[in-house]
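Please open the model in your viewer and keep the sequence panel beside it, since each stop on this tour asks you to select something and then look at what is there.

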Amino acid sequence: MAVAVIADAHLGGPGGPAGPLIEQLRALPGQGCTRLVLLGDLFQAWIGHRKFETPEIAAVVDELRALRRAGVRIDYIEGNRDFFLAESPYADAFDSIGRELAFTAGGVRWLAVHGDGLNDRDRQYLFWRWLSKSAPARRLVLSAPARLARRVVASTEDRLSRTNFKHKRVIPERPIRAYAERRLAEGHDVLLLGHFHEERKWEVEGGRVWLLEAWFTSGRVEWLGRGVHAHLEDSIEENDEMGRLLAE
Ligand SMILES: [Mn+2]
């Protein structure tokens with residue numbers, strides 16, 4: 001089973017227009033892809049209502065529906081820029097929508113989570129995330145006149161990224177490792193994260209952590225269960241080698 005993963009495309013923002021990603025999606029069945037995991041923040045902002053639909057959203061969702069018809073399973077993991085998707089007119093483009101996903105590929109037990117809100121000491125951010133994704137927030141955003149609602153969403157997005165800003169300038173390795181060790185102990189081999197936009201691979205107690213590079217910089221689909229596990233081991237060895245060289 002070949003699983004393709006895409007994290008942080010941010011289409012309509014730094015990810016640009018939908019065309020290049022759509023071409024990659026269209027090629028997946030021919031490349032043997034049986035499952036696509038979208039690791040969140042596919043668009044610069046995605047609110048689950050038609051009045052916020054951008055040309056990128058319309059085009060990509062059409063392509064995702066076609067992929068599902070072609071037999072590819074598609075799972076969406078909500079990022080910090082995704083709102084109310086599970087109850088939205090886009091829900092039928094996915095086999096599942098959730099905050100995290102556990103699955104097996106290439107004999108490896110993966111746990112995929114977007115990556116914001118891993119630090120449970122970050123109360124301010126966690127409160128803001130909870131509030132902005134709550135049912136009252138949804139009712140407010142969906143019932144307000146489109147222009148006002150768009151303004152609320154723009155300022156929410158701005159506030160979310162500012163609240164989380166201090167944690168994004170430097171990748172918060174310590175809380176990520178602590179979170180990974182706690183979650184891997186539940187019976188997973190690798191914790192797969194997006195959100196931080198830069199690639200990192202760490203060995204931790206009980207397994208590994210893999211932070212995926214954002215699609216908007218890599219322009220690349222990642223594959224799991226196709227010799228990628230070996231690739232993961234190689235680069236951990238390379239990192240160790242680098243560490244030794246630096247230490248010497
Ligand atoms: Mn994110």
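Begin at Leu-192, which, leaving aside residues up to four places away in sequence, touches Trp-110, Leu-111, Ala-112, Trp-210 and Leu-212. Keep in mind throughout that this is a predicted model. Leu-192 also belongs to a wider group, for the largest nonpolar core has 60 residues, and Leu-192 is listed with Val-5, Leu-38, Leu-39 and Leu-191 as those with the most contacts inside that core.

**The whole chain**

Now colour the model by secondary structure, and you can look for nine helices and 12 strands in the protein. Of its 248 residues, 34% count as buried. Among contacts between residues at least 6 apart in sequence, 73% join residues at least 24 apart.

**One five-stranded sheet**

Select β7, β8, β9, β10 and β11, which form an open sheet in the order β7-β8-β9-β11-β10, with mixed pairing. Which strands are the edge strands of this sheet? They are β7 (residues 100–105) and β10 (residues 200–204), each of which pairs on one side only. If you ignore direction, neighbouring strands here are turned against each other by 20 degrees on average.

Zoom in on β7 and on β8, which covers residues 108–113, and you will find the two strands paired in the antiparallel sense over six bridges. To see one pair of partners, select Leu-101 together with Ala-112 in β8, its bridge partner. Ala-112 is also one of the residues that Leu-192 touches.

Next add helix α7, residues 173–184, which lies across β8, β9 (190–193), β10 and β11 (207–211) and runs at about 55 degrees to β10.

**Another five-stranded sheet**

Move on to a second selection, β1, β2, β4, β6 and β12, where the five strands form an open sheet in the order β6-β4-β2-β1-β12, again with mixed pairing. The edge strands are β6 (96–98) and β12 (222–224), and each of them pairs on one side only. From one strand to the next, the twist averages 20 degrees.

Within this sheet, look at β1 and β2, which pair in the parallel sense over five bridges. Is β1 mostly covered or uncovered? Four of its five residues are buried, so to speak of a mostly covered strand is fair. Select Ile-6 and you will see it standing opposite Leu-38 in β2, and Leu-38 is among the residues with the most contacts inside the largest nonpolar core.

Then go to β4, residues 73–77, which pairs with β6 in the parallel sense over three bridges. Here Tyr-76 stands opposite Ile-97 in β6.

**Two loop residues with positive phi**

Follow the chain between β1 (2–6) and α1 (19–27), and stop in the loop at His-10. His-10 has a positive phi of about 50 degrees although it is not a glycine. Because it has 22 C-beta neighbours inside 10 Å, His-10 counts as buried.

A further stop lies in the loop between β2 (33–38) and β3 (46–47), where you should select Asp-41. Asp-41, which is not a glycine either, has a positive phi of about 50 degrees. What makes Asp-41 count as buried? The reason is that Asp-41 has 30 C-beta neighbours inside 10 Å, where 20 or more are needed.

**Two helices side by side**

Select α1 and then α2, residues 55–69; their axes are 10 Å apart, and the helices pack at an angle of about 0 degrees. The two helices are therefore roughly parallel to each other. Show the side chains that make the contact, which are Leu-21, Ile-22, Leu-25 and Arg-26 from α1 and Ala-59, Val-60, Glu-63 and Leu-67 from α2. Sorted by class, this contact has six nonpolar, no polar and two charged residues.

**A last stop in α4**

Finish at Val-141, which lies in helix α4, residues 135–143. Val-141 counts as buried because it has 22 C-beta neighbours inside 10 Å. Not counting residues up to four places away in sequence, Val-141 touches Ile-47, Ala-149, Val-152 and Val-153. If you draw a distance from the C-alpha of Val-141 to the C-alpha of Val-152, the separation in space is 7.4 Å, while in sequence the two residues are 11 residues apart.

Technical notes
Residues numbered from 1 in each chain as written. Predicted model: local features only at pLDDT ≥ 70, side-chain atom pairs only at ≥ 80, totals over all residues. Pairing = 2+ DSSP bridges. Axes fitted to C-alpha atoms, helices over the stretch in contact; angles between N-to-C directions. Core = buried A, V, L, I, M, F, W, Y, C linked by C-beta atoms within 7 Å. Buried ≥ 20, exposed ≤ 12 C-beta atoms within 10 Å, placed from the backbone. Contact = placed C-beta atoms within 7 Å. Parallel < 35°, antiparallel > 145°, perpendicular 65-115°, else oblique. Nonpolar A, V, L, I, M, F, W, Y, C, P; charged D, E, K, R; others polar.
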